[in-house]
Amino acid sequence: MNGQFTIFLQISDNLLGNRLTLDAMKLLRHVITIVCLVATFIANAGEQLTTKAKCVVNQPTNAELQLLQATWEGVLVGDKAHQKITITITGNSLHFHRDTNFWFDTTITLPAGKDPKQLHATIKGCPPSQGVSIGQVVRAFFKIEDGTLTLATIGDDAEETPKSFEATKDQGTRYELRKVLSQKKNAELPKSK
């Protein structure tokens with residue numbers, strides 16, 4: 001009988017060990033789940049704060065971008081041919097058009113904290129004759145005063161950036177453009193008698 005009792009004790013010790021291991025695994029699984037949930041909440045909270053902080057930082061840029069939303073017409077300053085330039089800005093897209101052989105579709109960004117304000121346009125589309133321009137970034141100062149948008153190109157990152165509009169008079173290219181009223185707005189304007 002002693003032999004049977006010993007076997008029973010060995011089986012019961014094994015069952016008891018397995019039971020403790022099973023309970024420990026369940027507890028460990030619950031702890032891991034809780035840790036993962038807490039880590040997710042912490043990560044999301046940090047992400048939300050970062051997003052809110054970015055929105056606060058980008059608010060002036062978004063407001064500046066809103067001021068640019070329109071179709072603008074004008075000329076290249078100093079162009080004796082007075083070729084009409086049209087720039088249409090919708091969202092973060094800018095379409096520059098002079099003629100069928102000189103136009104560009106771009107995506108624009110407005111770097112924060114620049115004085116004077118800057119516009120960076122990445123060329124996404126153009127006529128075949130300008131194909132080497134795709135992917136290039138055109139940097140320009142811009143200002144809107146008295147209903148006139150002034151854009152002055154400032155070269156690329158490799159060149160020294162002028163510090164003001166005055167410094168761009170002899171460097172780069174300068175456009176002066178006025179906002180074009182839509183046909184609907186033109187129809188709504190009061191008629192003079």
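A charge sits over a ring if NZ of Lys or CZ of Arg is within 6 Å of the ring centre and within 35 degrees of the ring normal. With that in hand, here are some exercises on this predicted model.

**Exercise 1.** Find the ring that the charged end of Arg98 sits over, and give the distance from its centre.

*Solution.* Start at Arg98 and look for the ring beneath its charged end: that ring belongs to Phe102. The distance to the ring centre is 4.2 Å.

**Exercise 2.** Classify the ring pairs that Phe104 makes with Phe96 and with Phe102.

*Solution.* A pair of aromatic rings is described by the distance of the centres and the angle of the planes. The structure holds 4 aromatic pairs. Take Phe96 and Phe104 to begin with: their centres are 6.2 Å apart and their planes lie at 50°, so this pair is tilted. Now turn to Phe102 and Phe104, where the centres are 5.1 Å apart and the planes stand at 90°, so this pair is edge-to-face. Finally, place these rings in their group: Phe96, Phe102, Phe104 and Tyr175 form one aromatic cluster.

**Exercise 3.** Decide whether Phe96 is buried or exposed, and do likewise for Phe104.

*Solution.* Buried means under 20% relative accessible area. Phe96 has 9% relative accessibility, so it counts as buried. Phe104, with a relative accessible area of 10%, is buried too.

**Exercise 4.** Describe the lining of the largest pocket.

*Solution.* Begin with the volume, which is about 370 Å³. Next, count the lining: 18 residues, with Phe96, Phe104, Val138, Thr153 and Tyr175 nearest the centre. By class, 12 are nonpolar and 6 polar, with no charged residues. Strands that each supply at least two of the lining residues include β3 (93–99) and β4 (102–109).

Definitions and conventions
Residues are numbered from 1 along each chain as its sequence is written. This is a predicted model: local features need pLDDT of at least 70, side-chain atom pairs count only at pLDDT 80 or more; totals for chains, interfaces and linings use all residues. Side-chain values use heavy atoms; hydrogens and water are left out. Rings of Phe, Tyr and Trp (its six-membered ring) pair if their centres lie within 6.5 Å; planes under 30 degrees apart count as stacked, over 60 as edge-to-face and the rest as tilted. Buried means under 20% relative accessible area, exposed over 50%, partly exposed in between (1.4 Å probe, protein chains only). On a 1 Å grid over the protein atoms alone, a cavity is a set of points where a 1.4 Å probe fits but cannot get out, and a pocket is an open set with protein on both sides within 12 Å along at least five of seven lines; lining residues have an atom within 4 Å of a point. Grid points are joined across faces, edges and corners, and a volume is the space filled by probe spheres set on the points. Helices (H or I, at least four residues) and strands (E, at least two) are DSSP runs, numbered from the N terminus. Ala, Val, Leu, Ile, Met, Phe, Trp, Tyr, Cys and Pro count as nonpolar, Asp, Glu, Lys and Arg as charged, and the others, Gly among them, as polar.
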